[in-house]
Number of protein chains: 2
Amino acid sequence: MAGEAGKARTVLLATEKAFAAGAVGKIESVVKEANYTLKKLENYKSKDDLLAAVADVDAMIIRSDIVDQAVLDKADKLKIVVRAGAGYDNIDLKACEAKSITAMNTPGQNANAVAELVFGMMIVSARNNFDGTSGFELVNREIAFYGFGAVARAVHKLAVGFGMKSFAYDPYIPADKIKEMGAEPVSSVAGLFDHQYVSLHVPLTDETKASINKELLMKMPKGGSLINTARTEVVHEADMIEVLKTRTDFCYLCDVAPKDIEPYKAAVGDKYGKRLIFTKKKMGAQTAEANDNAGVAAANQIVGFFEKGETRFSLKA
Amino acid sequence: MAGEAGKARTVLLATEKAFAAGAVGKIESVVKEANYTLKKLENYKSKDDLLAAVADVDAMIIRSDIVDQAVLDKADKLKIVVRAGAGYDNIDLKACEAKSITAMNTPGQNANAVAELVFGMMIVSARNNFDGTSGFELVNREIAFYGFGAVARAVHKLAVGFGMKSFAYDPYIPADKIKEMGAEPVSSVAGLFDHQYVSLHVPLTDETKASINKELLMKMPKGGSLINTARTEVVHEADMIEVLKTRTDFCYLCDVAPKDIEPYKAAVGDKYGKRLIFTKKKMGAQTAEANDNAGVAAANQIVGFFEKGETRFSLKA
């Protein structure tokens, strides 16, 4: 059980696609320090291997590995499964709940990975996709954050290094706290769109869905650029395509491409790569460092769960 | 004459391709402050316009405008011509010298423009040209500068913001001075190549020509990447192509493409954009800000020349 400290535990590292050796070493240290045993099932080829391995373990660290009813049925001692990473579609949360197994993810470990990608996209756009024509510099430009969580703050940190000015609005963070973290607080979502760059860092909710619309985008100053590393659906699709068509200075830099990117591309013509960037797949979090960090965080969360009853990153079914 | 302070002067701004309005305003302020007159010849279409305009001016600010014997023949009062920018192939220096006209350029005004481009290239490479596969982060990585002048120091400044570690070797800057500027001094050129990134910031001289060779490049650690925003010819071409072929982890990020890039591209196959980046034309210095800065610097240099006899950026024929 959570909170029963000092007991011997076995942690299964079940990774169909293994972590880098360095990360495994770090995970091993965390587990060892708690006097637990690490059992490794890396690069396994068949689900049967996984079903056999879970039988006697207290905890599991997974990546995109599937933890469904079949796995849980075999996992008689399992108390906690942690997805090393942010997305957790691969865990059957209801089945976990039914067996009183805690499921967690490891949010925030990819903040710098996303932030560096944001700067990559901004520079490529500002320098016209390296086409040899004269662009502009980021120094002294303004960036405004919608949401000021871990990722936004990591982007802000790099923006400071570039000599940019940061602004932020977050419905859950008071203005004085935002100021303390080095950004200028903005009192409304609309106020963010007075700045050249707006970077989205909000979850998809009823309130945010399709909330970034024509009215906001048309308000942006010359060279206005929307950066979306959050969720596609936060942006009103038809409005975005219309704005890309009508405002030839406007740019959309996006790590969360919609299913059909062709209408967007058609709107900017030969300016794809400058006015419009879609990375292939959502890749902001995909770095060796982010993956390693997530693995170590997962191990730490398991130890915290057993030794101190910590459940901060528990997922709800 | 230089150093004859307090006299009325006329400065011609002769720009076949005009500066942005904001930059012209700043140039105008500098000139006005010195009680000089600014005469503008912007976006002119014929050389005759230029020949007519130079007749009565004491100084000239140009961009890529041609200042040859024909222009100088008409410029009876001209004492100084300043190229707003770094390259000065467009000025006939011998003809200037023969008429005792001082010619200058405005070096260093593009340092941040180049530095931001360097980071753009590094991130695109580290993130696999945004192809959706897992890359790596720049945080905690090491960058070593060959030459630690204005551009290298601007790259270093951004590197600090990214949480990178900087190293530098410059034959003309003592180790303690390098340390003072925040980089770790390295005692030899070869020592630079122990770090993942090496960025070249040296002029082309007999000593530097083709000096970056196979021996140095093969020495680089895993993921070794050479950044060249200096001069193509500093790198040994045949060696570079060989290293690109043999070391599949090695990257070459280059703003000064050689004439024939095909053998380089052939060496990396489908990894162009990740292992090899060539911007189109040398574009590091090409930003609105760098151009504006250069114009203002040119105006300041003209005032300094007449009022204080400053000749720091004089060009030799």
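**Entry 1: Lys165(A)**

I began with Lys165(A), whose place is in strand β7 (residues 165-169) of chain A; helices (H or I, at least four residues) and strands (E, at least two) are DSSP runs, numbered from the N terminus. The model is predicted, so local features need pLDDT of at least 70 and side-chain atom pairs count only at pLDDT 80 or more, while totals for chains, interfaces and linings use all residues. Residues are numbered from 1 along each chain as its sequence is written, chains are lettered from A and ligands numbered from 1 in the order in which they are written, and side-chain values use heavy atoms, with hydrogens and water left out.

I found Lys165(A) partly exposed, at a relative accessible area of 42%. On this scale buried means under 20% relative accessible area, exposed over 50%, and partly exposed in between (1.4 Å probe, protein chains only). Not counting residues up to four places away in sequence, Lys165(A) touches Asn140(A), Arg141(A), Glu142(A) and Ile143(A), where contact means heavy atoms within 4.5 Å. The side chain of Lys165(A) reaches the backbone oxygen of Asn140(A) at 3.4 Å. I also noted Glu184(A), which is 19 residues from Lys165(A) in sequence and 8.2 Å away, C-alpha to C-alpha.

**Entry 2: Met104(A)**

I turned next to Met104(A), which lies in strand β5 (residues 102-105) of chain A. Met104(A) is buried, because its relative accessible area is 1%. Leaving aside neighbours within four places in sequence, I listed its contacts, among them Ile80(A), Val82(A), Ile91(A), Gln301(A), Phe305(A) and Leu315(A). Gln301(A) is 197 residues from Met104(A) along the chain, yet their C-alpha atoms are separated by 8.4 Å.

**Entry 3: chain A as a whole**

I counted 12 helices and 12 strands in chain A. The C-alpha atoms of chain A fill a box of roughly 60 × 40 × 35 Å along the principal axes. Buried residues make up 55% of its 317 residues. Among contacts in chain A between residues at least 6 apart in sequence, 64% join residues at least 24 apart.

**Entry 4: nonpolar cores**

I looked up the nonpolar cores, each a set of buried Ala, Val, Leu, Ile, Met, Phe, Trp, Tyr and Cys residues joined through side-chain atoms within 4.5 Å. The largest has 70 residues, and Phe119(A), Met122(A), Leu138(A), Phe119(B), Met122(B) and Leu138(B) touch the most other members. In both chain A and chain B, α5 (111-126), β6 (142-146), α6 (150-161) and β11 (251-254) each supply at least two residues of this core. Apart from this core lies another, of 32 residues, including Ala144(A), Leu192(A), Val202(A) and Leu226(A).

I then followed Phe119(B): beyond four places in sequence, its contacts include Ile123(A) and Phe162(A) as well as Leu138(B), Val155(B) and Phe162(B).

**Entry 5: the contact between chains A and B**

Chain A and chain B bury about 3,200 Å² between them, 55% of it on carbon and sulfur atoms; buried area is the accessible area (1.4 Å probe) that two parts lose on being put together, summed over both. In chain A, Arg127(A), Phe130(A) and Glu137(A) lose the most area to chain B, together 23% of what that side buries. The contact takes 37 residues from chain A and 37 residues from chain B.

I found 2 salt bridges between the chains, a salt bridge being a side-chain nitrogen of Lys or Arg within 4 Å of a carboxyl oxygen of Asp or Glu. Glu289(B) forms a salt bridge with Arg141(A), with the closest N and O atoms 2.4 Å apart. On the side of chain A that touches chain B, α5, α6 and α12 (288-308) of chain A each supply at least two residues. Helix α5(A) gives the most to that side, with 9 residues.

**Entry 6: salt bridges within chains**

Over all chains I counted 21 salt bridges. Lys40(A) and Glu28(A) form one at 3.6 Å, N to O. Lys40(A) lies in strand β2 (residues 37-42) and Glu28(A) in helix α1 (residues 21-33) of chain A, so the pair ties together parts 12 residues apart in sequence.

Asp56(A) forms a salt bridge with Lys39(A), the closest N and O atoms being 2.9 Å apart. Asp56(A) lies in the loop between α2 (47-53) and β3 (59-62) of chain A and Lys39(A) in strand β2 of chain A, so this pair ties together parts 17 residues apart in sequence. In chain B, I found the side chains of Asp56(B) and Lys39(B) meeting in a salt bridge at 2.8 Å, N to O.

How values were computed
Polar contact = N/O pair within 3.5 Å; in protein donor to acceptor, adjacent residues only side chain to side chain.
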